[in-house]
Amino acid sequence: DGLTSRHSVAVIVSPHHPAGMLSPERAGETGALMNKRETFEPAAAQDWRALIATLGPAIAGIGSVVLADIFQQTLFSNLDNYPLTVLLFVWLFGTMM
């Protein structure tokens, strides 16, 4: 039936990994090769600085899109105002970077 899952293992033979090194004994539970010394533990709780470092760029990007959309007519209607144009360039370029 279509509800059962079937796993297949691809065997890759290269000069760097002879066929003997890719034996099923070295494969993980799903058949994929893995580093048996590597353990996967739950992620540690983050402090507020790490959370800001992780979410800060996304919040700045979303905020920039919202501000540019709300003030679109005011910000982009007169690009002959050079200080405003330079400020817009620095703001948008900084957000993209």
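# Close-up views of a three-helix model

**View 1. A nonpolar patch lies on the surface of this predicted model.** Six residues make the patch: Val86, Phe89, Val90, Phe93, Met96 and Met97. Together they make a nonpolar surface patch of about 710 Å². Met96 sits in helix α3. Met96 is exposed, with a relative accessible area of 63%. Phe89 is another exposed member of the patch. Its relative accessibility is 54%. Phe93 also belongs to the patch, but Phe93 is partly exposed, at 40%. Why do Phe89 and Phe93 fall into separate classes? Exposed means over 50%. Phe89, at 54%, is therefore exposed, whereas Phe93, at 40%, is partly exposed.

**View 2. Two phenylalanine rings stack in helix α3.** How many aromatic pairs are there? The count comes to one. The partners are Phe89 and Phe93. A pair of aromatic rings is described by the distance of the centres and the angle of the planes. Here the centres are 5.5 Å apart. The planes make an angle of 15 degrees. The pair counts as stacked. Helix α3 spans residues 82-96. Phe89 and Phe93 are four residues apart in this helix, so about one helical turn separates them.

**View 3. Ser64 is a buried residue in helix α1.** This helix covers residues 48-70. Is Ser64 buried or exposed? Its relative accessible area is 9%. The cut-off for buried is under 20%, so Ser64 counts as buried. Which residues does Ser64 touch, leaving aside those up to four places away in sequence? They are Trp91 and Thr95. With Thr95, Ser64 also makes a polar contact. The two side chains meet at 3.2 Å.

**View 4. Arg49 and Asp47 form a salt bridge.** The structure holds one such bridge. Its N to O distance is 3.1 Å. How open are the two partners? Arg49 is exposed, at 55% relative accessibility. Asp47 is partly exposed, at 34%.

**View 5. The whole protein is built from helices, with zero strands.** What is the order of the elements from the N terminus on? They run α-α-α. The secondary structure comes to three helices. The protein has 97 residues, and buried residues make up 10% of them. Ser64 from View 3 is one of the buried residues. The accessible surface comes to about 8900 Å². Carbon and sulfur atoms account for 65% of that surface. Now take the contacts with a separation of 6 or more. Of these, 16% join residues 24 or more positions apart.

Note on methods: Residues numbered from 1 in each chain as written. Predicted model: local features only at pLDDT ≥ 70, side-chain atom pairs only at ≥ 80, totals over all residues. Heavy atoms only, no water. Buried < 20%, exposed > 50% of the residue type's maximum accessible area, 1.4 Å probe, protein only. Polar contact = N/O pair within 3.5 Å; in protein donor to acceptor, adjacent residues only side chain to side chain. Contact = heavy atoms within 4.5 Å. Phe/Tyr/Trp six-rings, centres within 6.5 Å; stacked < 30°, edge-to-face > 60°. Patch = residues over 30% accessible without salt bridge, like charges linked within 9 Å, V, L, I, M, F, W, Y side chains within 5 Å. Areas by Shrake-Rupley, 256 points an atom, 1.4 Å probe, with all protein chains shown as cover. Salt bridge = Lys/Arg side-chain N within 4 Å of Asp/Glu carboxyl O.
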